[in-house]
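Me: Hello! I would like a close look at one part of the structure below, and then a walk outward from there to its surroundings.

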2 protein chains.
Amino acid sequence: MTKIKNMEEFAAVSGISRPTVSKYFHDPESVRSTTRARIEEALERFDYRPNIFAVNQNRKLTKNIGIVVPYLADPFFAEIARYLEQSCIAAGYRPTLFSSHGEPELEGEILDSLRSLKPAGVLLAPLGRASDRSKIENFSGTVPTVLFDSNLEGLGAAFIGSDNYSFVSQTVEYMTRTGEPPSFFEMRTPANPNANKRRNAYIEVMQRLGFEPHIIKIDGEGWGFEEIGRQGAMKALEEGALRTDSVLCSNDRLAIGFLAACYERGIRVGRKADCALRVASNDDHPFSKFTCPSLTTAAHDYDNVAARSVETLFELVENGGKFDKRTETLFPARLILRESA
Amino acid sequence: MTKIKNMEEFAAVSGISRPTVSKYFHDPESVRSTTRARIEEALERFDYRPNIFAVNQNRKLTKNIGIVVPYLADPFFAEIARYLEQSCIAAGYRPTLFSSHGEPELEGEILDSLRSLKPAGVLLAPLGRASDRSKIENFSGTVPTVLFDSNLEGLGAAFIGSDNYSFVSQTVEYMTRTGEPPSFFEMRTPANPNANKRRNAYIEVMQRLGFEPHIIKIDGEGWGFEEIGRQGAMKALEEGALRTDSVLCSNDRLAIGFLAACYERGIRVGRKADCALRVASNDDHPFSKFTCPSLTTAAHDYDNVAARSVETLFELVENGGKFDKRTETLFPARLILRESA
DNA sequence: ATAAAAACTTTACGCGCGTCAATTTTTAGT
DNA sequence: ACTAAAAATTGACGCGCGTAAAGTTTTTAT
């Protein structure tokens, strides 16, 4: 079996001219079926693959897609990244995964190095408040960009995410229907814009239901939400900051910390009679099934968010990188009843 | 400010010849300091970056490095990947992160697409038992490869990981010293070779200490360890499979499931007097601090494993991709005492 | 100051493939 | 079977940069 060095040689052994072979690799459907058969048969025998660097150098538009998430150590983002990756591959693109690791500077550097990859498009879940708006604006002006998970108003060609109102209204309504109205437990300066939407939704829903909103704001910076939640909960429990026996955490990672604090202090959490506190939350984090007690939460529509994100990006790419107007697509949550509330 | 299209133009505005500019980008130290100053001054004014595809097409050795982990939704791997990424960047390389997502076929596809990236080297944490040995053997014969976390005997130019004996001996010795000897809780057919080493270490240590080993093997396939651990624990607790009040789990993710099962069944876990069971584990998973109770475990030496892995890879690359003989470097564990045991 | 070494410039080729224009072959349609 | 349309071939150029050879300038050392 001779080694095939380049497309020239491969064209020779397959009996097809190089330009036609090139066309085949660009789009197999673009050549006659008999030709395609001959190329694919040669492909079986010689396992040649076009030099990816030469291809990308010459194509005006590459098949590269960048996927950027804010914090990969959060399994939520790892899961969604997985789905996005697979969808891109299935569509014939080459995804590359990046994590900002919670650092705004790194997010900027990623966008820089992404630019030099000349990607056909980018799926970007920004850090949020900490993001360099102007940098992202500049970037998405050059590269077709779809934002997901975390919305930065007006940035990117489209945004796909979850409807935070749907999350909070379901959890609040459930808790008020089955017991006392919840306090809202969140970080004082949340990194993520979803947090603000959730707080506002909490206030609105509580008022609509005729209850007075009560928000517990805890200190802490960074992306170590579990620890922040744990310490914040310790403090809140010590100070008796809860008005009722119900708490709604802004997100599951805070709730994980909250439950850990309750356990440490010997407070039984759950909806059973012998429990002193009910805790619910939002996100349906992969671990929320394994907390003690298991966490009642509102689940993202993972699949739809991810699927719609890639769909939108592909539309954007095929549309030349521009949409007439920026769209925002929000998917509702699904309430997951477990033991904690 | 004129747009710089290529190195030719950049060389012109910087007043240096293109070959010298090319040399600069390959290694800034390789040009005279006055020359370097002029280039860097021009760089300030024009922010030009060499076309990465053209560079990689022509260089015999790229600056690309592949990082492959078996399961990115496990925060342990996300964390180690983060460290590896940053070390590579600091050394002037361009890392690309891949996850096999627990699927052997995907691991193979990643190696294929990695090959076409012509990487200078690859840091590979294989799936383990499910990996296609011959494929990895073939790959590491072509591409300088360092294995980490999960050892496949004889494969890759080197292996860097943790000393499983150190993990288990510390946890077993601690548990026997402070209470009854533990049973060992593990999957019947573990995906990871570390699991086998841990079981053997458990048997050895127990015998050395004069206790009879007792292993509880649970069913389950795949990478959803928490759920496997939870169900296995439910079954084991129902059947009264525990010989003593102590359990050592093969890894933290199983332990997370175990603790969830205990909580569901109302079994108090911990080292206090009112507790019925002690549970310890291995890995120091990022979440293990927030379990209920918090998990006593043996921690990987994350930093050293990661640092040594990249160091070894760089040595390998500088050594032309071959070592005289394959080395295995193991780092000992550090016992983390928390509440569960 | 002078010779040798080091660094730079000029010129030129090649990498592997995209793409175009002109030509030839194959397919499809009445 | 004849013609127009579709597809493939041939030949050639260019992408942006690595790299080598030969000549020129600058630096280092005696």
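How many residues surround DNA strand C, and which are the closest?

Reply: Happy to take you through this. Please keep in mind that the model is predicted.

DNA strand C is surrounded by 25 residues. The closest are Asn6(A), Met7(A), Ser22(A) and Asn58(A) from chain A, together with Thr35(B) from chain B. Several helices take part: α2 (18–26) and α4 (52–58) of chain A, and likewise α2 (18–26) and α4 (52–58) of chain B, each supply at least two residues of the surface near DNA strand C. Sorted by class, that surface has twelve polar, nine nonpolar and four charged residues.

From the DNA we can move to the place where the two protein chains touch. Here 31 residues of chain B are in contact with 31 residues of chain A. On the chain B side, the elements giving two or more residues are α4, α5 (75–90), β2 (94–99), α10 (225–239) and α11 (252–264) of chain B. So α4 of chain B is worth a second look on your screen, because this helix supplies at least two residues near DNA strand C and also gives two or more to the side that touches chain A. By class, the side of chain B that touches chain A has 18 nonpolar, eight polar and five charged residues.

Next, a helix pair within chain A. Helix α6 (residues 104–115) of chain A packs against helix α7 (residues 133–142) of chain A at an angle of about 20°, and their axes are 10 Å apart. An angle under 35 degrees counts as roughly parallel, and α6(A) and α7(A) are therefore roughly parallel to each other. Their crossing is left-handed. Gly108(A), Leu111(A) and Arg115(A) of α6(A) make the contact with Lys135(A), Phe139(A) and Thr142(A) of α7(A). These residues divide into two nonpolar, two polar and two charged.

Finally, chain A has an open sheet of six strands, in the order β7-β6-β8-β9-β10-β12, with mixed pairing. β7 (215–218) and β12 (334–336) of chain A stand at the edges, each with a single partner strand, so one side of each has no neighbour in the sheet. From one strand to the next, the twist averages 20°. At the β12(A) edge, β10 (residues 296–299) of chain A pairs with β12(A) in the antiparallel sense over three bridges, and Ala299(A) stands opposite Arg334(A). Helix α9 (residues 193–208) of chain A lies across β6 (183–187), β7, β8 (246–249) and β9 (278–283) of chain A, running at about 165° to β6(A).

Conventions. Residues numbered from 1 in each chain as written. Chains lettered and ligands numbered in written order. Predicted model: local features only at pLDDT ≥ 70, side-chain atom pairs only at ≥ 80, totals over all residues. Near = placed C-beta within 6 Å. Helix = DSSP H or I, 4+ residues; strand = E, 2+ residues; numbered from the N terminus. Nonpolar A, V, L, I, M, F, W, Y, C, P; charged D, E, K, R; others polar. Pairing = 2+ DSSP bridges. Axes fitted to C-alpha atoms, helices over the stretch in contact; angles between N-to-C directions. Contact = placed C-beta atoms within 7 Å. Parallel < 35°, antiparallel > 145°, perpendicular 65-115°, else oblique. Left-handed = near helix turned anticlockwise from the far one by under 90°.
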